[in-house]
Amino acid sequence: AAPQIASNKGGWYRVKDLEVSDDRITGKVVYNPFNSSRFEIDRRTGLVTTEGGFQAMCEAVKPQKRAF
């Protein structure tokens, strides 16, 4: 979970050290000057894992298709 005091803009956080390959996306989400968390997204399975142990599933979207 994101810290209560965060320097975000509408739920968006800055990502540092972003690396994108065919198999994975990794980076570091910066919540504020004192808190950050590394993450990895497995592009084949959609599994998101953070260094704090959080796991979730991602789903690809097609930008040209509207949700509503």
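Which polar side chain has an atom 2.8 Å from the backbone nitrogen of Phe 34? Keep that in mind while you get your bearings; the tour comes back to it shortly.

**Start with the whole chain.** You are looking at a predicted model. Show it as a cartoon and you will find 5 strands and 0 helices, so labelled by DSSP runs. Going along the sequence, the pattern reads β-β-β-β-β. If you switch on a surface, the chain exposes about 6000 Å², with carbon and sulfur atoms supplying 52% of that area. Of its 68 residues, 19% count as buried.

**Now select residues 24-32 and 35-42.** These are strands β2 and β3, paired in the antiparallel sense over 8 bridges. The hairpin that joins β2 to β3 runs through 2 residues. At this end of the pair, Asn 32 has Asn 35 in β3 as its bridge partner.

**Zoom in on Asn 32.** Here is the side chain from the opening: a polar atom of the Asn 32 side chain lies 2.8 Å from the backbone nitrogen of Phe 34. Add a second distance label to the backbone nitrogen of Asn 35, and you should read 2.9 Å to a polar atom of the Asn 32 side chain. Asn 32 itself belongs to strand β2. Is Asn 32 buried or exposed? Its relative accessibility is 10%, and because the cut-off for buried is under 20%, Asn 32 counts as buried.

**Next, add residues 47-50.** This is strand β4, which pairs with β3 in the antiparallel sense over 3 bridges. Look across the pair to see Glu 40 standing opposite Thr 49 in β4. The hairpin formed by β3 and β4 has 4 residues between the strands. Click on Gly 46 in that turn and check its backbone torsion: phi is positive, about 85°.

**Then show side chains for the core.** Select Ile 25, Val 29, Tyr 31, Phe 39, Ile 41 and Val 48, the 6 residues of the largest nonpolar core. Colour them by strand: β2 and β3 are the elements that give two or more residues to this core. The largest share, 3 residues, comes from β2.

**Finish on Phe 39.** Which residues is Phe 39 in contact with, leaving aside its neighbours within four places in sequence? The list takes in Val 15, Leu 18, Ile 25, Thr 26, Gly 27, Lys 28, Val 29, Thr 49 and Thr 50. For a last look at the chain as a whole, try a contact map: among contacts with a separation of 6 or more, 11% are between residues 24 or more positions apart.

Conventions:
Residues numbered from 1 in each chain as written. Predicted model: local features only at pLDDT ≥ 70, side-chain atom pairs only at ≥ 80, totals over all residues. Heavy atoms only, no water. Pairing = 2+ DSSP bridges. Buried < 20%, exposed > 50% of the residue type's maximum accessible area, 1.4 Å probe, protein only. Polar contact = N/O pair within 3.5 Å; in protein donor to acceptor, adjacent residues only side chain to side chain. Core = buried A, V, L, I, M, F, W, Y, C linked by side-chain atoms within 4.5 Å. Contact = heavy atoms within 4.5 Å. Areas by Shrake-Rupley, 256 points an atom, 1.4 Å probe, with all protein chains shown as cover.
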